Amino acid sequence: MANFGDYQFEIYLNGLSGVMPTMPMTYAELEERGSRALDPWLLSYVAGGAGDEHTQDLNVSVFDDWGLIPRMLVDGSQRDLSVELCGMTLPSPLLMAPVGVIGVCAQDGHGDLAVARASARTGVPMIASTLAADPLEDVASQLGETPGFFQLYTPNDRELAESLVHRAEKAGFKGIVVTLDTWVPGWRPRDLTRSNFPQLRGLALENYFSDPVFVSRLARPPREDLQAAVGTWALTFGNPSLTWKDLTWFRSMTSLPLILKGIMHPEDVRRAVDGGVDAIYCSNHGGRQANGGLASLDMLPDVVEAAGEIPVVFDSGVRSGDHIVKALALGARAVGVGRPYVYGLALGGEDGVVHVLRSLLAEADLLMAVDGYPRIADLGPAALRRR
């Protein structure tokens, strides 16, 4: 099994031939250069969080509260970062979290396809958002042998929700990720300052505009009357009346693995497990939806304990390889990354995303090897000390 850390030797060997990296090697530079590559209105959506962004910032800084305890004289020649998730064996625990404007973050306006191709090249699964610039069928066709997941923002039109899920099944996605915390947008001052909400401008709505159920709700095709189509979308997006009783409906919609995203409270975990979900997704939406809350990482151990044998996926604040390792040590089965690959896409398209993913995996792999944890199974809470 190839070690992800070998990416560094590829970079060094290229340097011997005079080929220097064109992409940043640190998140700080990636964010800085990626921010300049995005239009200001789009950057406000990508980089912004809820309220004064305290929770968004806390998601990142809380990782510094933990330190990995090194162990020596451990054979690190062969490492294994593979994981089992929902009946699938994945080469690494890394996932690409859903990003609703990823399509328009690419220079050609087809970022969903570029990310899917990067997924195929790296083996890192993509969680494709409902809010996409290309139809989900086109995205799935670019994933190659890498399994993909479809993320559902549940509309208040049940027939439309079922249509989206059934399309995802037919397209070949391997799981449905239902986001629970975004039935209404949170208070986002950066976007409000620019009076900007991309979807209200008709962006990233191709999954709706290509859906027969959604189109049947319109008097004219979406491209013939974009304003009416966007208005119908705005009235359809989100379902504030969903309750735990609807978990039976979610479960009945699909035979694919069902993952609930946005769960942070142990009691909610237990209710989800009792309802037959296949995985729990511990996340606070990167601090984009609600300010003033706890960091996702702070709740991860409690979520893992409540989930028992059910795997837990984690995201929010992941910026580096050591963040991935710490989340794994605290019990996450898989770890989602968001903004880093968005900036990689903005800077370098498909190749930029591949670079970011390979860099994150290389750093995680090398950190685990150097500190004496060559396999994910070697990690656990005892490998960490709270500072």
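**Figure 1. Tyr45 and its surroundings.** Tyr45 sits in helix α3, which spans residues 40-47. The model shown here and in the other views is predicted. With a relative accessible area of 8%, Tyr45 falls under the 20% limit and is therefore buried. Beyond its neighbours within four places in sequence, Tyr45 is in contact with Val101, Arg188 and Asp191, and also with Phe197, Pro198, Gln199 and Arg288.

**Figure 2. Positions annotated as "binding site".** An unreviewed UniProt entry gives the feature "binding site" at Tyr45, Tyr153, Arg188, His285 and Arg288. Of these residues, Tyr45, Tyr153, Arg188, His285 and Arg288 are included in the lining of the largest cavity. Two of the annotated positions, Arg188 and Arg288, also appear among the contacts of Tyr45. Another, Tyr153, is among the residues that His285 touches.

**Figure 3. His285 in its loop.** His285 lies in the loop that runs between strand β9 (279-282) and helix α14 (296-307). The UniProt record, an unreviewed entry, lists His285 under "active site". The relative accessibility of His285 is 13%, and the limit for a buried residue is under 20%, so His285 counts as buried. Not counting residues up to four places away in sequence, His285 touches Tyr153, Thr179, Asp181, Thr182, Lys261 and Ser316. Two of these contacts are detailed in the next view.

**Figure 4. Polar contacts of the His285 side chain.** The side chains of His285 and Asp181 are joined by a polar contact of 3.1 Å. A polar contact of 3.2 Å links the side chain of His285 with the side chain of Thr182.

**Figure 5. Helix α14 and what covers its buried residues.** Helix α14 consists of 12 residues and reaches 15 Å from its first C-alpha to its last, close to the 16 Å expected at 1.5 Å a residue. Its buried residues are Ser296, Leu297, Met299, Leu300, Val303, Ala306 and Ala307. These residues are on the same side of α14, because the arc they cover around the axis is only 145°. The elements that cover them include the helices α4 (54-61), α13 (266-274) and α15 (321-329), together with the strands β1 (66-68), β9 and β10 (312-314). After α14 comes Gly308, which has a positive phi, near 65°.

**Figure 6. The two faces of helix α11.** Helix α11 covers residues 226-236, and its residues Ala229, Val230, Trp233 and Thr236 are buried. Around the axis they take up an arc of only 125°, so they lie on the same side of α11. Gln227 and Leu235 are exposed, and they are carried by the face of α11 turned away from its buried side.

**Figure 7. Packing and end of helix α11.** The buried residues of α11 pack against three helices: α7 (158-171), α9 (206-209) and α10 (212-216). Gly238 follows α11, and the phi of Gly238 is positive, near 80°.

Note on methods:
Residues numbered from 1 in each chain as written. Predicted model: local features only at pLDDT ≥ 70, side-chain atom pairs only at ≥ 80, totals over all residues. Heavy atoms only, no water. Buried < 20%, exposed > 50% of the residue type's maximum accessible area, 1.4 Å probe, protein only. Helix = DSSP H or I, 4+ residues; strand = E, 2+ residues; numbered from the N terminus. Arc of directions from axis to C-beta. Contact = heavy atoms within 4.5 Å. UniProt positions renumbered as here; feature names shortened; annotations may be inferred. 1 Å grid on protein atoms, 1.4 Å probe; cavity = no way out; pocket = protein on both sides within 12 Å on 5 of 7 lines; lining within 4 Å. Polar contact = N/O pair within 3.5 Å; in protein donor to acceptor, adjacent residues only side chain to side chain. Expected span 1.5 Å × (residues − 1).
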